[in-house]
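Here is a short report on one protein chain. Take a look at the model before reading on.

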Amino acid sequence: MKFIAKTLALLSIAGLSLFIPTIASSADVTVDMLNKLEGETMVFSPKIVKVEVGDTVFWKSVDKGHNVSFMMKGGVPEGVEKFTSKISADAEYTFTIPGIYAYICVPHKSMGMIGFVIVGNDLSNLESIKSVKYIGKSKKIAESLIAQLN
Ligand SMILES: [Cu+2]
């Protein structure tokens, strides 16, 4: 009897662990565009988000003066078209092509305002992402974020 209870408990834990990530990663995600966060200035929060193919990421213009722009020179999967949002406005993008996307805020790219979206858990363009030319403070931040992608 004890064994059965234990087995059932294990099964339910295994079932949950399979179930929860699917729900969490298939939900649409919001990224805040901020002037300040915990000692940092000009930040996307969170800096890395993971979504499934077909999900939408919303960028909220919490503070004014920011935007979202894909890094087209090697920073997005092949076949992705240019995306640059208006400054000081909320933005959204629905991801249909899997892979890693690097993006910046155009006014603050040299101040380290950079973020990544990973779509469909696909890291196949990681080498390309590593070889992107990141500017100013974004270089160091990109390196530490890329180290967290694997
Ligand atoms: Cu900005």
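## Nonpolar core

The largest nonpolar core of this predicted model has 28 residues. Tyr101, Ala102, Met113 and Val117 have the most contacts inside that core. Five elements each give two or more residues to the core: strand 1 (29–37), strand 2 (40–45), strand 4 (56–60), strand 7 (99–104) and strand 8 (114–119). As a general point, nonpolar side chains in soluble globular proteins tend to be buried together.

What does Ala102 touch, beyond residues up to four places away in sequence? The list is Met71, Gly75, Ile114, Phe116, Ile129 and Val132.

## Overall make-up and confidence

The protein has three helices and eight strands. From the N terminus on, the elements run α-β-β-β-β-β-β-β-β-α-α. The chain has 150 residues, of which 25% count as buried. Take the contacts between residues at least 6 apart in sequence: 68% of them join residues at least 24 apart.

The average pLDDT is 88, and 82% of the residues score at least 70. Residues 17–25 stay under 50. For that stretch the model has three contacts beyond four places in sequence. Where pLDDT is low, the predicted coordinates should not be read in detail.

## The four-stranded sheet

One open sheet has four strands in the order 3-8-7-5, with mixed pairing. Its edge strands are strand 3 (48–51) and strand 5 (69–70), each of which pairs on one side only. Strand 3 and strand 8 run parallel and are joined by four bridges. Helix 3 (residues 137–147) packs on the sheet. Helix 3 touches strand 3, strand 7 and strand 8, and its direction makes about 30° with that of strand 8.

Lys50 lies in strand 3. Across from Lys50, in strand 8, stands Ile118. Is Lys50 buried or exposed? Lys50 is partly exposed, because 17 other C-beta atoms lie within 10 Å, whereas a buried residue needs 20 or more. Lys50 and Val29 are 21 residues apart in sequence, with 8.4 Å between their C-alpha atoms.

## The hairpin of strands 1 and 2

Strand 1 and strand 2 pair in the antiparallel sense over five bridges. Met33 has Phe44, in strand 2, as its bridge partner. The hairpin has two residues between the strands, and Glu38 takes a positive phi near 45° there. Both strands also give two or more residues to the largest nonpolar core.

## Asn67, a buried loop residue

Asn67 sits in the loop between strand 4 and strand 5. Why does Asn67 count as buried? The reason is a count: 21 other C-beta atoms lie within 10 Å of Asn67, and the cut-off for buried is 20 or more.

Which residues are in contact with Asn67, leaving aside neighbours within four places in sequence? They are Thr84, Ser85, Lys86, Ile87, Ala91, Cys105 and Val106. For Cys105, the C-alpha separation from Asn67 is 4.9 Å, although the two are 38 residues apart along the chain.

Terms used
Residues are numbered from 1 along each chain as its sequence is written. This is a predicted model: local features need pLDDT of at least 70, side-chain atom pairs count only at pLDDT 80 or more; totals for chains, interfaces and linings use all residues. A nonpolar core is a set of buried Ala, Val, Leu, Ile, Met, Phe, Trp, Tyr and Cys residues joined through C-beta atoms within 7 Å. A residue is buried if 20 or more other C-beta atoms lie within 10 Å of its own, exposed if 12 or fewer, and partly exposed in between; C-beta atoms are placed from the backbone. Two residues are in contact if their C-beta atoms, placed from the backbone, lie within 7 Å. pLDDT is the predictor's confidence in each residue, from 0 to 100. Two strands pair if DSSP finds at least two bridges between them. Axes are lines fitted to C-alpha atoms, for helices over the stretch in contact, and angles run from 0 to 180 degrees between N-to-C directions.
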